[in-house]
Amino acid sequence: MSTAAIPGAPLPVRTPGSRARGRHRRPERPEIPAGSPALVLAVPATAGPESRSVVEELLSIVRSEQNGVQTAVGYLPGEGTEGADGTERSIGELLASAAEAGVPAPILVPLVPGPHDFLPELHALAAEYGAHVTDVLGPHPLLAEAVHVRLSEAGLARADRARLFAIATAADGVVLTTVGGEDAAAAAGITGVLLAARLAVPVVAAALDVPGSVAAAVAHLKETGSQRPALAPLVIGPEADSELLATAAEETGCPSAAPLGAYQTVGQLIASLYLAALPTPSAEALAAAQAQAEAEAAEAAAEGSRAAHAATGTAPGAPAQEVGE
């Protein structure tokens, strides 16, 4: 069990462990050196059933992408932050725990696709403990892919442009909805351009938390010729009130895709942001890692030699018998 799952335990750091043996073992990624700080997924919500299920799936994807990375989840403080098993803590509690234990300050990855109201507070809290906050997840082509998939799952877009079959309910215009005010909508416009290139339909961005923003975007699409506009949330899930999504669909009369949730590419983005924020290893650390890799390669070669000799019944180093003897 990771120490992050033990109540009151400090955040773990990356430590070298015994590697699994065998030809088909999965090698540990060299991008995460020993002693690296933990990855903390900073969730802009209090702990609850909905947010918990999303972040747990996302961290499972992160761990599959980067074998050996130590992860934890930090929520906003509030009722329910402390889980029944004592594993759910606020971002501040995790940072304080790491500082008290004297381990490297964790790397905080905010679980938002763009600008959000909680980011200033997160940066202030990180500065207090000397922790690093990565960039937000977007804009990024992988987010456009995730939105495309959610639209296709709702029957509002083709799953693949190369397939020329028609979908009667396919949208001929998309409103990319997000939260975080006008700044978030402006940033989402970049992902909207990438999405428009994938769908070959017009895409405009709007802020769910700005009154009238989504309705104005839908009206703009209809004025420019769209007959079947649809809503596509550029929302992971925990950062937005689910009632905002439902209200936008009801007020505009437009069908809506589901939030991105724990889509595979979202987990990949989290992992890549963490890797990019890791400190550059020193020359001594790189040399030690190279020496360890060479030693493991030599050990593997020796194991193979011993296995071959065992199969032939000869001892290692013994001269091979000539044919015919």
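What follows is a short conversation on reading features from a predicted model.

Biologist: Before we start, what are the ground rules for this predicted model?

Modeller: Residues are numbered from 1 along each chain as its sequence is written, and side-chain values use heavy atoms, with hydrogens and water left out. Since the model is predicted, local features need pLDDT of at least 70 and side-chain atom pairs count only at pLDDT 80 or more, while totals for chains, interfaces and linings use all residues.

Biologist: Fine. How many helices and strands does the protein chain have?

Modeller: Both are DSSP runs numbered from the N terminus: helices are H or I with at least four residues, strands are E with at least two. Here the protein chain comes to nine helices and eight strands.

Biologist: And what share of the residues count as buried?

Modeller: Buried means under 20% relative accessible area, exposed means over 50%, and partly exposed is in between, using a 1.4 Å probe and protein chains only. Of the 325 residues, 42% count as buried. For contacts, the rule is heavy atoms within 4.5 Å. Among contacts in the chain with a separation of 6 or more, 73% link residues 24 or more positions apart.

Biologist: Now the interior. Which residues have the most contacts inside the largest nonpolar core?

Modeller: The general idea first: in soluble globular proteins, nonpolar side chains tend to be buried together. A nonpolar core is a set of buried Ala, Val, Leu, Ile, Met, Phe, Trp, Tyr and Cys residues joined through side-chain atoms within 4.5 Å. The largest one here has 48 residues, and L111, L137, L151, V174, L195, V266 and I270 have the most contacts inside it. Helix 8 (residues 264-277) gives the most to this core, with seven residues. Apart from it lies another core of 16 residues, among them A206, L221, V235 and C254.

Biologist: Let me zoom in on L41. Where is L41 found, and what does L41 touch?

Modeller: L41 is found in strand 1 (residues 39-42) and counts as buried because its relative accessibility is 0%. Not counting residues up to four places away in sequence, L41 touches V55, L59, A72, V73, G74, V109, L111 and I270. For a sense of the fold, L41 and Y75 are 34 residues apart in sequence, with their C-alpha atoms 8.4 Å apart in space. Turn to L111 and, with the neighbours within four places left aside, its contacts include L41, V55, L58, L137 and I270.

Biologist: How do I read a helix, say helix 5? How far does helix 5 reach from its first C-alpha to its last?

Modeller: The expected span is 1.5 Å times one less than the number of residues. Helix 5 (residues 181-199) has 19 residues and reaches 25 Å, close to the 27 Å expected. There is also a kink of about 30 degrees, centred on I190; the bend at a residue is the angle between axes fitted to the seven residues ending there and the seven starting there.

Biologist: What covers the buried residues of helix 5?

Modeller: The cover includes helix 4 (141-153), strand 6 (173-178) and strand 7 (203-207). Among the buried residues of helix 5 are G181, A184, A188, T191, L195 and L199. Just past the helix, A200 lies in the loop between helix 5 and strand 7. Its phi is near 60 degrees, a positive value in a residue other than glycine, and A200 counts as exposed because its relative accessibility is 67%.

Biologist: Back to helix 4. How many salt bridges does a search of the whole structure find?

Modeller: Side chains of opposite charge can pair when their charged atoms come close. A salt bridge is a side-chain nitrogen of Lys or Arg within 4 Å of a carboxyl oxygen of Asp or Glu. The search finds one: E153 with R150, the closest N and O atoms being 3.0 Å apart. Both lie in helix 4, three residues apart, about one turn of the helix. E153 is exposed, with a relative accessible area of 54%, whereas R150 counts as buried at 15%.

Biologist: What about the loop ahead of helix 4? Which residues does a cis peptide bond join?

Modeller: G138 and P139, with omega about 0 degrees. P139 sits in the loop between strand 5 (132-133) and helix 4. T134 lies in that loop too, and T134 is buried, with a relative accessible area of 6%.
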